[in-house]
Amino acid sequence: MELTTPMYELFRDSRSGNRIFIKRDDLLPFSLGGNKVRIAQAFFDDMRKKNCDVMIGYGNVRSNLCRVLANRCFQEHIPCYIICSHGEQEDAETQTGNSRLMELLGAVLVPCSRDRIAEKVDAVMEGLAGQGHRPYYIYGNRLGRGNEGVAAGAYAAAYREILSQSEELNVAFDSIFLPSGTGATQSGLICGHLLNGDSTKIIGISVSRDRERGTEILREGVQSYFCLHGLALPADADSQICLEDGYRKGGYGCFDDEILSCIRRVFQQYGIPLDPTYTGKGFLGMMQYLEEHQITGENILFLHTGGAPLFYDMLNAGLLRPSV
């Protein structure tokens, strides 16, 4: 599958002089696109290497990764189980476009509260093993550790693509912004940046975790990637981790009118769909960060990580109607 996606200048900010570019990983040609297409491919390659025959994913009902995993499993006739959590204000019956697509694709959705994830992973893994299967859990062990380097590898490779395209555009990026959730995409970009030794700053806009916890997860992802590939970790690796947690709007899945207004404006002006869980929060956070830090005259890249079903969730709910 060809995984190269377009990159182009979106606009030039007349006040700051910043040139804002965008890389459209939402246009990856499988399962409505998004960064999770690359990451799911990395997990499938690892699953085959380990000779497993059942895929087990975990995520919220909004999870883009779980949608893509379910699609790949259906395509390759592999049983797929998704341990699916819900938020504090939601119940096990809450549905989104992504969860409906998982069901369409034949995935078995296993409802789970956020405080019982490890027990549910154990139960599903043991049940499948008892049936003679060799289950593969995308995050490694019951506590979600062990596969950080696998997932990071997807965007360590994508970083080379970004470098090649920046050369074609004859532009050097001062910063790359992206919405940062599980941390796999950002840790992969950091790995690519460290391997290349360039001066670009990778800035994650956290959509859920606080800076302390999120930074720890990013550090684990970077270290795991270098260990997995037998590479020496650069001494300055920790200093390259930048996660901004001031734009979370209350946490994962939370949003407000400011985010909806940003999503509406970007679609109206540029025809690009964003969503309130990931990319809308990331794009708005980027623009506010640039203003708050008085950044001027720089070349900025925004990585669009996808999430089309979540855009349509908002559209169908009437939340993107024109402002009066």
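A disulfide is a pair of cysteine sulfur atoms within 2.5 Å. With that cut-off in mind, here are the close-up views, all taken from a predicted model.

**View 1. The cysteines C52 and C84 and their closest cysteine partners, C73 and C66.** A search of the whole structure turns up 0 disulfides. For C52, the closest cysteine sulfur belongs to C73, and it lies 12 Å away, which is too far for a bond. C84 has its closest cysteine sulfur in C66, at 6.3 Å, and this too is too far for a bond because a disulfide needs the sulfurs within 2.5 Å. C84 is also a buried residue, with 6% relative accessibility. Look out for C66 again in the next view, where it appears among the contact residues of α2.

**View 2. Helices α2 and α3 packed side by side.** Two packed helices are described by the angle between their axes and the distance between the axes. Here α2 spans residues 64-75 and α3 spans residues 97-104; the angle is about 15 degrees and the axes are 9 Å apart. The two helices are therefore roughly parallel to each other, and α2 passes α3 in a left-handed crossing. On the α2 side, the contact is made by N64, C66, R67 and A70, while α3 contributes N98, L101 and M102. Sorted by class, this contact has 4 nonpolar, 2 polar and 1 charged residues.

**View 3. Helices α1 and α5 where they cross.** The axes of these helices come within 8 Å, and the crossing angle is roughly 125 degrees. That makes α1 oblique to α5, with α1 passing α5 in a right-handed crossing. From α1, the residues in contact are N35, R38, I39, A42, F43 and D46. Facing them from α5 are V150, A151, A154, Y155, A158 and E161. By class, the contact of α1 with α5 comprises 8 nonpolar, 1 polar and 3 charged residues.

**View 4. G34 in the loop between β2 and α1.** This glycine is buried, with a relative accessible area of just 3%. What does G34 touch, leaving aside residues up to four places away in sequence? Its contacts are D25, D26, L28, T305 and G306. A further landmark for this view is R24: its C-alpha atom is separated from that of G34 by 8.2 Å, and the two residues are 10 residues apart along the chain.

**View 5. S31, a residue with positive phi in the loop between β2 and α1.** Most residues other than glycine have a negative phi. S31 is not a glycine, yet its phi is near 50 degrees. The loop that holds S31 runs between β2 (19-24) and α1 (35-49). Is S31 buried or exposed? S31 is buried, because its relative accessible area is 12% and the cut-off for buried is under 20%.

**View 6. N170, a residue with positive phi in the loop between α5 and β7.** Although N170 is not a glycine, its phi is positive, at about 55 degrees. N170 sits in the loop between α5 (148-169) and β7 (175-180). Here the setting is an exposed one, with a relative accessible area of 71% for N170. Comparing this view with the previous one sets the exposed N170 beside the buried S31.

Notes
Residues numbered from 1 in each chain as written. Predicted model: local features only at pLDDT ≥ 70, side-chain atom pairs only at ≥ 80, totals over all residues. Heavy atoms only, no water. Helix = DSSP H or I, 4+ residues; strand = E, 2+ residues; numbered from the N terminus. Buried < 20%, exposed > 50% of the residue type's maximum accessible area, 1.4 Å probe, protein only. Axes fitted to C-alpha atoms, helices over the stretch in contact; angles between N-to-C directions. Parallel < 35°, antiparallel > 145°, perpendicular 65-115°, else oblique. Left-handed = near helix turned anticlockwise from the far one by under 90°. Contact = heavy atoms within 4.5 Å. Nonpolar A, V, L, I, M, F, W, Y, C, P; charged D, E, K, R; others polar.
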